[in-house]
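Reader: I am new to this structure and would be grateful for a close look at a single part of it, the surroundings of the ligand and the charged pairs elsewhere in the chain. Please take me through it step by step.

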Amino acid sequence: MKAFTYERPATIAQAASLASERPNARFIAGGTNLLDLMKLQVETPATLIDVNRLPLAGIEDTPEGGLRVGALVRNADLAAHPRVRRDYAVLAKALLAGASGQLRNKATTAGNLLQRTRCFYFYDTTKPCNKREPGSGCAAIGGFNRIHAVLGASESCIATNPSDMNVALRALDATVETVAADGATRAIPIAEFHRLPGDTPEVETSLRPGELITAVTLPRPVPGTHIYRKVRDRASYAFALVSVAAVIGRDGDRVGSARLAFGGLAHKPWRVETAEQALVSTGRAEAAAEAVLAGARGRGANDFKIPLTRRTLRAVVADATRA
Ligand code: SF4
């Protein structure tokens with residue numbers, strides 16, 4: 001690991017100001033991803049800004065009937081929160097499907113939003129990777145790409161977003177709140193928070209340099225059956241090959257409403273609103289899957305994700321509509 005300067009600010013303003021003043025600074029909270037990346041020298045920050053003492057660990061109701069989750073709320077605490085379990089069960093289920101109990105006790109809401117891809121070549125500094133070293137190439141294209149993207153990829157990068165939580169937040173239309181060094185705040189819809197790789201796969205979110213995540217806000221809960229189905233190589237402590245976060249409402253025997261977001265398929269949580277409309281209008285998972293998978297392209301070893309997505313969605317809809 002390379003030497004770095006360690007700072008532990010006492011206020012949000014100090015943290016944001018340090019991040020804007022110091023070149024190559026990174027915020028750290030749980031450190032469950034960043035420390036691994038530093039040990040491998042995939043990330044080599046000059047300054048670590050420890051935000052653990054900032055007052056961002058609360059969960060509170062919003063006046064609109066939603067929930068505001070502080071950036072430092074641990075994944076385990078968020079999954080166990082009574083309102084999350086009652087009103088946002090898809091989020092609780094997604095969180096519990098992620099990592100291990102020990103990691104969930106450390107990992108934070110903001111850190112989970114920012115966790116980086118698990119592409120093998122990204123972590124292997126002997127291999128070309130445009131995300132780690134822009135312009136060096138992509139070892140996964142033409143390499144072992146079983147876990148890689150089939151949607152929204154580019155010729156620069158075919159990595160996926162590894163998070164389960166982010167998929168549920170996309171289905172729930174969450175908003176990410178931030179603050180900058182000048183005190184300016186932003187509320188970024190989750191749909192605009194994560195980026196597709198394009199020609200700049202090293203830029204993964206719409207955060208501006210030095211901007212600090214302060215909270216994630218969930219809108220009023222939507223009625224329906226909340227499901228998170230994650231398909232992976234082993235039953236626990238593995239990343240999704242394909243996952244579906246769904247909130248499906250019934251209208252008698254029919255599907256009355258649907259929210260569907262997918263993980264394991266792209267560089268960002270994947271949601272296609274026309275797929276939801278197709279499910280409501282036809283009641284058929286296959287019709288929704290066609291809309292979700294429009295433009296899907298396998299790279300050889302990951303071709304199986306396309307039929308797996310169809311089957312996983314079919315199982316989710318069957319679960320939601322079972323009498
Ligand atoms: Fe790097 Fe992306 Fe290619 Fe993986 S898929 S090697 S992260 S450029």
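Author: A disulfide is a pair of cysteine sulfur atoms within 2.5 Å. By that criterion, a search of the whole structure, which is a predicted model, finds 0 disulfides.

The cysteines nevertheless deserve attention at the ligand. The ligand is surrounded by 14 residues, and the closest are Cys119, Cys129, Cys138, Cys157 and Ile158. Two of these cysteines can be described further. Cysteine 119 has a relative accessible area of 8%, and because buried means under 20%, cysteine 119 is buried. Cysteine 157, at 5% relative accessibility, counts as buried for the same reason. The space that the ligand takes up is the largest cavity. By character, the shell around the ligand consists of 10 nonpolar residues, 3 polar residues and 1 charged residue.

From the ligand, the account turns to charged side chains. Across the whole structure, 26 salt bridges are found. One of them joins arginine 68 to glutamate 177, with 2.7 Å between the closest N and O atoms. This pair links distant parts of the chain: arginine 68 lies in strand E5 (residues 67-70) and glutamate 177 in strand E6 (residues 175-179), 109 residues apart. The two partners fall into separate classes of exposure. Arginine 68 has 27% relative accessibility, which lies between the 20% limit for buried and the 50% limit for exposed, so arginine 68 counts as partly exposed. Glutamate 177, with a relative accessible area of 19%, is under the 20% limit and therefore buried.

A second salt bridge is formed by the side chains of arginine 86 and aspartate 87, at 3.0 Å from N to O. Arginine 86 counts as exposed because its relative accessibility of 63% is over 50%. Aspartate 87, by contrast, is buried, with a relative accessible area of 14%.

A third salt bridge connects arginine 271 with glutamate 276, where the closest N and O atoms are 2.7 Å apart. Here arginine 271 and glutamate 276 are both buried. This pair also belongs to a wider arrangement: salt bridges with shared partners join Arg170, Asp173, Arg259, Arg271, Glu273 and Glu276 into one network.

Notes: Residues numbered from 1 in each chain as written. Predicted model: local features only at pLDDT ≥ 70, side-chain atom pairs only at ≥ 80, totals over all residues. Heavy atoms only, no water. Buried < 20%, exposed > 50% of the residue type's maximum accessible area, 1.4 Å probe, protein only. Near = heavy atom within 4 Å. 1 Å grid on protein atoms, 1.4 Å probe; cavity = no way out; pocket = protein on both sides within 12 Å on 5 of 7 lines; lining within 4 Å. Sits in = over half its atoms within 2 Å of the grid points. Nonpolar A, V, L, I, M, F, W, Y, C, P; charged D, E, K, R; others polar. Salt bridge = Lys/Arg side-chain N within 4 Å of Asp/Glu carboxyl O. Helix = DSSP H or I, 4+ residues; strand = E, 2+ residues; numbered from the N terminus.
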